[in-house]
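Reader: I have a new model open on my screen, and I would like to walk through it with you. Could you help me read it?

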Amino acid sequence: MKHLSIFLLSLLCFINALQAQVELSYCGDIDQGFGDAGVIYTPYVQFEATTMTPYAGNYIKQVLVGMKADATNVTIYIKNAPRDTNPLYRQTVSEGLAEGWNVITLDTPFEIPEGKEIAIGCRFRSTEKNAFGYSAEKNSLADQILINQSSKWTTCGGSLCIKALVEGDHMPQYQLAIGTLPNQRTIPDADTLSFITTVRNMGIQEVENYALLWQVDGGETYTATFAHPIPVNSRDTFELRIPAIYDFGTHTLSVSISTVNGMPDEYAADNTTTCTFTVPDERFARRVICEEYSGFWCGFCPRGMVGMELMKEAHPDRFIAIAVHGGDALEVPSDSAYTYAPLISRFSGAPSCAIGRRLQGDPYYDIATLYQLESSTENHIAYNMTAEWNDDASAILCHATIFSDQDLTNANLNAAFVLVEDSITGHGYYQTNYYSSNSQNYSGPFYGWEDKAYITTDVMFMDIARGCFPSFEGTTLFEGEMKAMQEYTFDYTLPLPPTVLDKKQLHVVGIVIDPKTGFIQNGQNIWPEGELPEGIELVSIDTKQQATGCLYDLFGRRINHPAKGQLFIRGKR
């Protein structure tokens, strides 16, 4: 009895498999409509011979057509190619087509020939505009439209909603088709490389699991297995992660379907996809400059401060934070040549950030995605900088070097230098804190800010912009013909503004800017080399002796005329 039950179950599965239909199509939902009112059109979708081969000897028994409005004068065509004069099959649909999906059963099932491509068309006329449906995903094989009156061809820019349902006695049991892998540039500091595409179940058995084989540059082959159920006619999206161990340059990744439910895939022609991935030369890796807008008055700005610290921790060599304050005591004076007013004017509120002056978003919620987008943007400019204190520590001497990995016939680049100060606290500075447990906006713990007061002075301000020199737009670094791999240099003396509190906490972010777009091409964060004044002396109340060296107050600001009895710092080199 047990053996009989197993036999009946197997027989039932076999019968169900024979009755299963495979849907051949390129479109998804009926997103948009095409066509003018009163004009006769014949849209076509074309299936290549490699797509049709597994179904040779089986039959197209039904055609599905998606409409955005009703249509009349409807005829279904099957050809080898859309522009063939004589159709292989033709059928009039006397009842016309209605809005939505229409199932048209063929009067005579169309037998699929061996090794031939197939095109399916639908002639129609509608009294309404945009009657024929298409989906947003673009595929040139599903975007060929004949304008019958003028015998001209056009396209809609998507995938026309025509589907073929195939069934028969010789249908493939296990048939997965792999999608296209896009070419990509890698992120320099990534541990793994991620590749995403789809597989589609075009057999008549449900897929429970499948295995892929992958290799790079024809080298060693590796296996990746996915236990993802895929019903008939459905897709599965998979992510293939491989270790980021490849030298800079362009590499080829090949991915193939190996097995389906532990069985060989029955048709190998659509099992393999390839792409290239480019590992950038380390010298041309883009360092991501994030200029974050903040202020004492901004209750949500602790979120931005946290976001900056998390990103610096995650990407210490690639992420450069600059905190730009507005409307408080840390704002760069708006009437100065080195003001940050042009950036602040771009934002509708705080916290906000600009990545490379190219992308904008929230410095906590959006920052990781913005970083990935900017990091993966192609870059051809390498940037290196050195910085050192001048003799009296009243300025920083910056030396920038750039070079390109390709010849540039009309290069145009600007240089700017952002003075940044860390570890600012006290001085009556405060931070409004909506993340405080005492705030009416409190919604739960947030990186320790819940333990701080609503108006807190328990805060250390980091990466504070003291100015962008000589201006926000920068000054000309290079113009003209730039030869590949040839170095070009630029020197700049960065003066210290009077707002600086502690020279020991100063560093410089050098940036190279495309003046046509205003986008930052690359940059570097440097702490100046050289010794700073140190050692505290007491100036006697009665002394008239002229102090030697440079004098500074406790905040590192230079003093030209020290008052009697004042503490000062004697400059030393």
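Reader: How many disulfides are there?
Author: Keep in mind that this is a predicted model. A disulfide here needs two cysteine sulfur atoms within 2.5 Å, and Cys-298 and Cys-301 meet that rule with S to S at 2.3 Å. By this rule the count comes to 1 disulfide.

Reader: What is the handedness of the disulfide between Cys-298 and Cys-301?
Author: Both Cys-298 and Cys-301 are buried. The torsion about their S-S bond is about 90°, so the disulfide is right-handed.

Reader: Which cysteine sulfur is nearest to that of Cys-161, and how far away is it?
Author: Cys-161 is buried, with a relative accessible area of 0%. A disulfide would need the sulfur atoms within 2.5 Å, and Cys-161 is in no disulfide. The nearest cysteine sulfur belongs to Cys-27, at 3.9 Å.

Reader: Is Cys-275 buried or exposed?
Author: The cut-off for buried is under 20% relative accessible area. Cys-275 has a value of 2%, so Cys-275 is buried.

Reader: Which residue does a cis peptide bond join to Ala-350?
Author: Happily, this one is easy to find on the chain: look in the loop between α4 (341–344) and β25 (352–355). Omega is about 0° for this cis bond. The partner of Ala-350 is Pro-351.

Reader: What is omega for the peptide bond from Phe-469 to Pro-470?
Author: Pro-470 lies in the loop between β32 (464–469) and β33 (475–482). The bond leading into Pro-470 from Phe-469 is cis. Its omega is near -5°.

Reader: Is Ser-151 buried or exposed?
Author: Ser-151 sits in the loop between β10 (144–147) and β11 (152–154). Its phi is near 55°, a positive value in a residue other than glycine. Exposed means over 50% relative accessible area. At 57%, Ser-151 therefore counts as exposed.

Reader: What is phi of Tyr-447?
Author: You will find Tyr-447 in the loop between β30 (431–432) and β31 (455–456). Tyr-447 is exposed, with a relative accessible area of 52%. This residue, which is not glycine, has a positive phi near 50°.

Reader: Which residues lie nearest the centre of the largest pocket?
Author: The largest pocket has a volume of about 730 Å³. Its lining is made up of 25 residues. Nearest the centre are Tyr-26, Asn-139, Ala-177, Ile-178 and Gly-179.

Reader: Which element gives the most to the lining of the largest pocket?
Author: The elements that give two or more residues to this lining are α2 (49–52), β14 (176–178), β16 (192–201) and β22 (272–279). The top contributor, with 3 residues, is β16.

Reader: How many residues in the lining of the largest pocket are charged?
Author: Sorted by class, the lining has 9 nonpolar and 10 polar residues. The charged class has 6.

Reader: What is the mean pLDDT of the protein chain?
Author: pLDDT is the predictor's confidence in each residue, from 0 to 100. In this chain, 89% of the residues reach 70 or more. The mean pLDDT is 89.

Reader: Where does pLDDT stay under 50 with 68 contacts beyond four places in sequence?
Author: Over residues 1–18 the pLDDT is below 50, and that stretch has 6 contacts beyond near neighbours in sequence. Where pLDDT is low, the predicted coordinates should not be read in detail. The stretch you asked about, with 68 contacts, is residues 535–573.

Notes:
Residues are numbered from 1 along each chain as its sequence is written. This is a predicted model: local features need pLDDT of at least 70, side-chain atom pairs count only at pLDDT 80 or more; totals for chains, interfaces and linings use all residues. Side-chain values use heavy atoms; hydrogens and water are left out. Helices (H or I, at least four residues) and strands (E, at least two) are DSSP runs, numbered from the N terminus. Buried means under 20% relative accessible area, exposed over 50%, partly exposed in between (1.4 Å probe, protein chains only). On a 1 Å grid over the protein atoms alone, a cavity is a set of points where a 1.4 Å probe fits but cannot get out, and a pocket is an open set with protein on both sides within 12 Å along at least five of seven lines; lining residues have an atom within 4 Å of a point. Grid points are joined across faces, edges and corners, and a volume is the space filled by probe spheres set on the points. Ala, Val, Leu, Ile, Met, Phe, Trp, Tyr, Cys and Pro count as nonpolar, Asp, Glu, Lys and Arg as charged, and the others, Gly among them, as polar. Contact means heavy atoms within 4.5 Å.
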